[in-house]
Amino acid sequence: MIKFSSIKQIEHNDYPFEDAIASADTFNGAYGEVTSGSFAVGAKKGKVIMQIERGDDEYMPTYKIVKGEHVRVLDLAKLNGQLVEVYGDELPADVAKGDKLESDATGKLVKGANAAPYLEVTAIVGNHLGVEAKVVTA
C-alpha cells in the first residue's frame, strides 16, 4: 500500500491519479503502467495502484485486486521530490534507510535502483512496518 505523507499533496497540486482497469489479478501498491485504460504491472515503472481498501482484507499486508476491477493509479511523475509512505508485502524484507527502490516484473519493490523512477527510503516507519520515501522521477 502506498499513501501520501501529507494531505496537502492532493489539495494543492495537480490531480495525480488516472483511472484504469486491472488487466490481471494484482494487489494494492503494485507498480506498472497504464496503456489504453488498462493497468499492467512491470519493472522500473512510475505508476502505482493507490486503491481505497475496504472489506475483510483492509489493512492486510496484501490487499488483492482482481482482473477487471476499476483501479485508481497514482502517477509518481507528478510527485517528484515529495514524500510518500509505503507499507505491506511489496517492500523488500530487509529494506533500510538510504535504499533506492524500483519495481520488478511482478510490480513489487526491489532494492538497487540506479535510474529514475525510484523511491529513496528516508525513514523506517514503526518496527519495519513500512517506509517513508522520496519520489525521484527525473
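## K44, a lysine with a positive phi

In this predicted model, K44 counts as partly exposed, because its relative accessibility is 48% and the partly exposed class runs from 20% to 50%. To find K44, go to the loop between β5 and β6. Its backbone deserves a look too: phi is positive, about 55 degrees, although K44 is not a glycine. Most residues other than glycine have a negative phi, and most peptide bonds are trans.

## S36, another positive phi

S36 also has a positive phi, near 50 degrees, and is a residue other than glycine. Look for S36 in the loop between β4 (31–35) and β5 (38–41). Is S36 buried or exposed? S36 is exposed, because its relative accessible area is 78% and the exposed class begins over 50%.

## A cis bond before P117

Now move along to the loop between β11 (109–111) and β12, where P117 sits. A116 lies in that loop between β11 and β12 as well. The peptide bond that joins A116 and P117 is cis, with omega at about 5 degrees.

How exposed is A116? A116 is partly exposed, because its relative accessibility is 35%. Setting aside neighbours within four places in sequence, A116 makes contact with V136, T137 and A138. For a sense of distance, pick out Q51: A116 and Q51 are 65 residues apart in sequence, and their C-alpha atoms are 23 Å apart in space.

## S103, a buried serine

S103 belongs to strand β10 (residues 100–103). S103 counts as buried, because its relative accessibility is 4% and the buried class covers values under 20%.

What does the side chain of S103 reach? It reaches the backbone oxygen of G42, at 2.8 Å. Apart from neighbours within four places in sequence, the residues in contact with S103 are Y31, G42, A43, K44, K45, K108 and L109. You have already met one of these, K44, in the loop between β5 and β6.

## Strand β8 and its partners

Which strands pair with β8? One is β2 (residues 17–22), which pairs with β8 (residues 70–75) in the antiparallel sense over 5 bridges. You can trace this pairing on the model by starting from F17, whose bridge partner in β8 is L74.

Strand β6 (residues 47–49) also runs antiparallel to β8, and 3 bridges join them. Here K47 has D75 as its bridge partner in β8. While you look at these strands, here is a handy rule: in a regular strand the side chains alternate between the two faces of the sheet.

## Two nonpolar cores

In soluble globular proteins, nonpolar side chains tend to be buried together. In this model, the largest nonpolar core has 20 residues, and those with the most contacts inside it are I2, Y31, L74, L76, V86 and L119. At least two residues of this core come from each of β1 (2–4), β9 (83–87), β12 (118–125) and β13 (130–136). Which strand gives the most to this core? That is β13, with 3 residues.

L74 is a good place to zoom in. Not counting residues up to four places away in sequence, L74 touches I2, F4, P16, F17, G46, K47, V48, M50 and L79. Among them is F17, the residue whose bridge partner in β8 is L74. There is also a second, separate core of 11 residues, which includes A20, A30, I49 and V73.

## The whole chain

Now step back and view the whole chain. It has 1 helix and 13 strands. Read along the sequence, the pattern starts β-α-β. Among contacts between residues at least 6 apart in sequence, 57% join residues at least 24 apart.

How does the radius of gyration compare with that of a compact globule? The chain has 14 Å, which agrees with the compact globule value, because 138 residues would give a radius near 14 Å. Along the principal axes, the C-alpha atoms fill a box of roughly 35 × 30 × 30 Å. Buried residues make up 39% of the 138 residues. The chain exposes about 7,200 Å², and carbon and sulfur atoms supply 51% of that area.

How values were computed:
Residues are numbered from 1 along each chain as its sequence is written. This is a predicted model: local features need pLDDT of at least 70, side-chain atom pairs count only at pLDDT 80 or more; totals for chains, interfaces and linings use all residues. Side-chain values use heavy atoms; hydrogens and water are left out. Two strands pair if DSSP finds at least two bridges between them. Helices (H or I, at least four residues) and strands (E, at least two) are DSSP runs, numbered from the N terminus. Buried means under 20% relative accessible area, exposed over 50%, partly exposed in between (1.4 Å probe, protein chains only). A polar contact is a pair of N or O atoms within 3.5 Å; within protein, one must be able to donate a hydrogen and the other to accept it, and residues adjacent in sequence count only if both atoms are side-chain atoms. Contact means heavy atoms within 4.5 Å. A nonpolar core is a set of buried Ala, Val, Leu, Ile, Met, Phe, Trp, Tyr and Cys residues joined through side-chain atoms within 4.5 Å. The radius of gyration is taken over C-alpha atoms; the globule rule is 2.2 Å times the number of residues to the power 0.38. Accessible areas come from the Shrake-Rupley method with a 1.4 Å probe; for residues, only the protein chains shown count as cover.
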